[in-house]
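Visitor: I have a protein model open and would like to learn how to read it. Could we go through some features one by one?

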Amino acid sequence: LHRIPTRKLRKSRATRLLSYTKYLILAFFALAIPLYHGLREGVAIPGFCKYICPAGTLEGALALLAHPQNAPLRDLLGLIFARKLVILLLLTALCIFCYRAFCRFLCPLGV
């Protein structure tokens, strides 16, 4: 996507500040949410995967929903899927203008 000829977002003070969002995501979605649910309910949930990560939406949900036999599953989609689909679409658009936008700004795995 980055090879599409458009004006590119260059490294700047703003992009360096945005790079710190992955640390906040790591603290909240990868540590705090699983710890909270683990202590409260006894079962930790993967907060980052459940609420943010677009990989499952792209590789799992969209592929599953594209098949005609799975049309009844479309009625089960909820707010979490809609939110993750919006994140996926925004990241796809951002990747056109910024090299490795997901890795640079959101992904806590590299932290």
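**Reading a helix and its surroundings**

Guide: Start with a bend. This is a predicted model, and in helix H2 a kink of about 35 degrees lies at Ala 32, shortly before the proline Pro 34.

Visitor: How do I check the length of H2 against its number of residues?

Guide: Use the rise per residue. At 1.5 Å a residue, the 21 residues of H2 (residues 21–41) should span 30 Å, and the end C-alpha atoms are 28 Å apart, which agrees.

Visitor: What comes after H2?

Guide: Gly 42 follows H2, and its phi is positive, near 85 degrees. A positive phi also turns up at Arg 100, a residue other than glycine, where the value is near 50 degrees. Arg 100 sits in the loop between helix H5 (79–97) and H6. With a relative accessible area of 46%, Arg 100 is partly exposed.

Visitor: Which residues of H2 are buried?

Guide: Burial is judged by relative accessible area, and under 20% counts as buried. In H2 the buried residues are Lys 22, Ile 25, Phe 29, Ile 33, Pro 34 and His 37. The cover over the buried residues of H2 includes helix H3 (47–51) and helix H6 (101–105).

Visitor: Take His 37 as a case. What does His 37 touch?

Guide: His 37 has a relative accessible area of 16%, so it is buried. Not counting residues up to four places away in sequence, His 37 touches Gly 42, Val 43, Ala 44 and Ile 45. Gly 42 is the residue that follows H2.

Visitor: Now the aromatic rings. How many aromatic pairs are there?

Guide: Ring pairs are found by the distance between ring centres, and they pair within 6.5 Å. The count comes to four aromatic pairs. One of them is Tyr 20 with Tyr 23, a tilted pair at 5.9 Å centre to centre, with 35 degrees between the planes.

Visitor: Are Tyr 20 and Tyr 23 buried or exposed?

Guide: Tyr 20 is exposed, because its relative accessible area is 51% and the cut-off for exposed is over 50%. Tyr 23, at 42%, counts as partly exposed.

Guide: Phe 29 and Tyr 51 also form a tilted pair, 6.5 Å centre to centre with 55 degrees between the planes. Phe 29 lies in H2 and Tyr 51 in H3, so this pair ties together parts that are 22 residues apart in sequence. Phe 29 is among the buried residues of H2, whereas Tyr 51, at 22% relative accessibility, counts as partly exposed. Ring pairs also bring in Phe 28, which joins Phe 29 and Tyr 51 in a cluster.

Visitor: What about a residue outside the helices? Where does Thr 6 lie?

Guide: Thr 6 is in the segment before helix H1 (13–18). Its relative accessible area is 32%, so Thr 6 is partly exposed. The side chains of Thr 6 and Lys 8 are joined by a polar contact of 3.3 Å. Leaving aside neighbours within four places in sequence, Thr 6 is in contact with Ile 96 and Phe 97. The C-alpha atoms of Thr 6 and Val 111, 105 residues apart along the chain, are separated by 29 Å.

Visitor: Last, which element has the lowest mean pLDDT, and which the highest?

Guide: The predictor's confidence is read per residue and then averaged over an element. Helix H4 (residues 55–66) has the lowest mean, 83, and H2 the highest, 91. The protein as a whole averages 88, and 100% of the residues score at least 70.

Conventions. Residues numbered from 1 in each chain as written. Predicted model: local features only at pLDDT ≥ 70, side-chain atom pairs only at ≥ 80, totals over all residues. Heavy atoms only, no water. Helix = DSSP H or I, 4+ residues; strand = E, 2+ residues; numbered from the N terminus. Expected span 1.5 Å × (residues − 1). Bend = angle between axes of the 7 residues up to and from the residue. Buried < 20%, exposed > 50% of the residue type's maximum accessible area, 1.4 Å probe, protein only. Contact = heavy atoms within 4.5 Å. Polar contact = N/O pair within 3.5 Å; in protein donor to acceptor, adjacent residues only side chain to side chain. Phe/Tyr/Trp six-rings, centres within 6.5 Å; stacked < 30°, edge-to-face > 60°. pLDDT = per-residue confidence, 0-100.
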